[in-house]
Amino acid sequence: MRVTRPRKLPMLRRVGAARLEPDPCFELVRRVLFPDLSMKPRFLLQSKMPLLAAGLFLVFTWTARGAVSLGIDELEKSNFAVLQGKRVGLVTNPSGADSRGRSAIDVLFRGQSAGYTLVKLFGPEHGIDGKTGAGLSVSSSRDRAHSCPICSLYGDTRRPTAAMLAGVDTLVYDVQDLGNRSYTFISTLGYVMDEAAKHNIQVIVLDRPNPLGGIRIEGPRLNDGIQSFVGLYNIPYIYGLTPGELALWINAKYLAKPCRLTIISMKGWIRPMVWEDTGLKWVPTSPNIPTIGAARGYTATGFLGEIGIESGCGGPNPFQVVQGSGWDASAVARRFNALHVAGVHARTLGSGRQSGIYLEIDPRNAGNLTAINFQTIEILEQEVDRFSAFGHTSADQRDMFDKVSGNTRIRHQIMAGRPVTDIVHSWDSGVAAWAVERQPYLIYGLTPVHTVKEPSVIADNTLISQ
């Protein structure tokens with residue numbers, strides 16, 4: 001058995017580039033071999049084509065193996081070895097599905113013949129069934145199909161209580177997040193780990209892809225003493241880690257007392273991969289994130305909904321539109337497209353009473369998605385009569401906007417008319433620092449690793465290749 005630390009990678013810098021090649025394999029190679037390169041065809045032909053050809057062969061060989069194998073897949077392949085003899089509590093929702101679409105609840109329930117017992121289920125925001133609306137309380141209940149009590153972690157408490165943890169000696173976490181600091185599943189992960197440490201309970205994270213990829217880092221970090229359930233950690237808004245990698249960081253940097261942490265890693269996932277590269281089907285993570293397009297859009301427009309700007313929630317394209325009453329959609333789209341945001345194009349949507357723009361986002365080459373929120377506000381204030389981002393907001397809305405952004409400064413900068421380019425550049429030092437800070441917690445690299453029969457796990461923050 002060989003024991004190594006999680007791989008350390010050089011600081012990764014994302015450079016937006018215009019999309020030149022529609023083939024996802026071609027683009028994946030570019031991001032593997034030249035993550036900082038804006039692809040100019042002449043440059044590639046003259047100096048990089050031999051390496052590119054070799055890389056294409058590598059990726060074609062790798063992708064032929066099929067979809068990414070998730071942590072839950074690897075756990076099952078091992079016949080649930082790390083769970084044997086355990087009384088297991090499972091933190092999950094419908095997004096905790098294996099690569100064949102089976103729920104984590106069903107997989108663990110059926111695997112009990114391996115010698116463990118599934119004793120309790122724990123549901124994050126939106127509930128164990130993922131159907132409750134954003135911010136709405138969920139009650140604890142019982143899963144009669146699996147004879148398990150369901151403990152709500154978004155109701156009377158957001159932390160597992162001593163009573164909830166009674167009879168549990170291992171907590172398994174399998175929830176798909178968005179790679180976004182304000183999406184509350186990662187706060188639930190931290191609270192679960194914190195309470196597990198207090199009660200000497202093991203935590204096992206079944207790892208999943210970051211749908212935005214493992215290279216993209218952007219957005220503001222927490223400051224001004226603002227910390228909440230939609231902004232618990234001092235990390236950039238888009239942090240570029242998988243759930244397992246983030247759990248390593250939480251254990252080392254956030255918890256006063258680290259928990260006994262084990263991570264079942266994926267096979268076949270590499271940092272440049274976005275969701276479309278994984279071969280996996282998207283399972284809705286919450287009512288307003290039914291598609292991977294909505295998951296990306298959440299980053300680009302999520303701030304807008306906090307101050308009452310319509311971003312499509314409840315419609316067919318949640319978080320992918322920006323619209324309002326009496327807007328000149330053509331003017332708004334024209335102004336947005338004049339910004340030349342790499343990989344993002346606005347087209348007009350609707351007419352008459354409700355109109356606006358629909359954002360077409362290239363998942364592999366999109367520019368700074370977080371910045372789109374504030375660029376849109378700036379355009380609306382210039383193009384829409386009597387529009388004021390915060391002029392008609394309540395105190396609660398302004399407070400939530402500050403909590404999601406992680407500070408009060410951005411709101412005050414917008415209200416003072418500061419150019420959005422200045423606001424975005426003010427994040428640069430925090431993003432650069434995070435690119436270095438996260439390195440010790442990176443499990444996955446830029447190139448595929450050789451497949452082995454047994455799963456790799458991280459136990460007590462150490463990567464174990466079996």
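Which residues do ring pairs link into a cluster? They are Tyr237, Phe303, Phe374, Phe390, Phe401 and Trp427, where rings of Phe, Tyr and Trp (its six-membered ring) pair if their centres lie within 6.5 Å, planes under 30 degrees apart counting as stacked, over 60 as edge-to-face and the rest as tilted. Before going on, I should say that this is a predicted model, in which local features need pLDDT of at least 70 and side-chain atom pairs count only at pLDDT 80 or more, while totals for chains, interfaces and linings use all residues. Residues are numbered from 1 along each chain as its sequence is written, and side-chain values use heavy atoms, leaving out hydrogens and water.

Let me turn to α11, residues 395-405, with helices being DSSP runs of H or I, at least four residues, numbered from the N terminus. Its buried residues (under 20% relative accessible area, 1.4 Å probe, protein chains only) are Phe401, Asp402, Val404 and Ser405. Seen down the axis of α11, they fall within an arc of 165°, taken from the directions from the axis to the C-beta atoms, so they line one face of the helix. The face turned away carries Ala395 and Asp396, both exposed, a term that means over 50%.

Among the elements covering that buried side, by contact of heavy atoms within 4.5 Å, is α8 (292-306). In α8, 13 of the 15 residues are buried, and a kink of about 60° is centred on Ala300, the bend being the angle between axes fitted to the seven residues ending there and the seven starting there.

Methods. Helix = DSSP H or I, 4+ residues; strand = E, 2+ residues; numbered from the N terminus.
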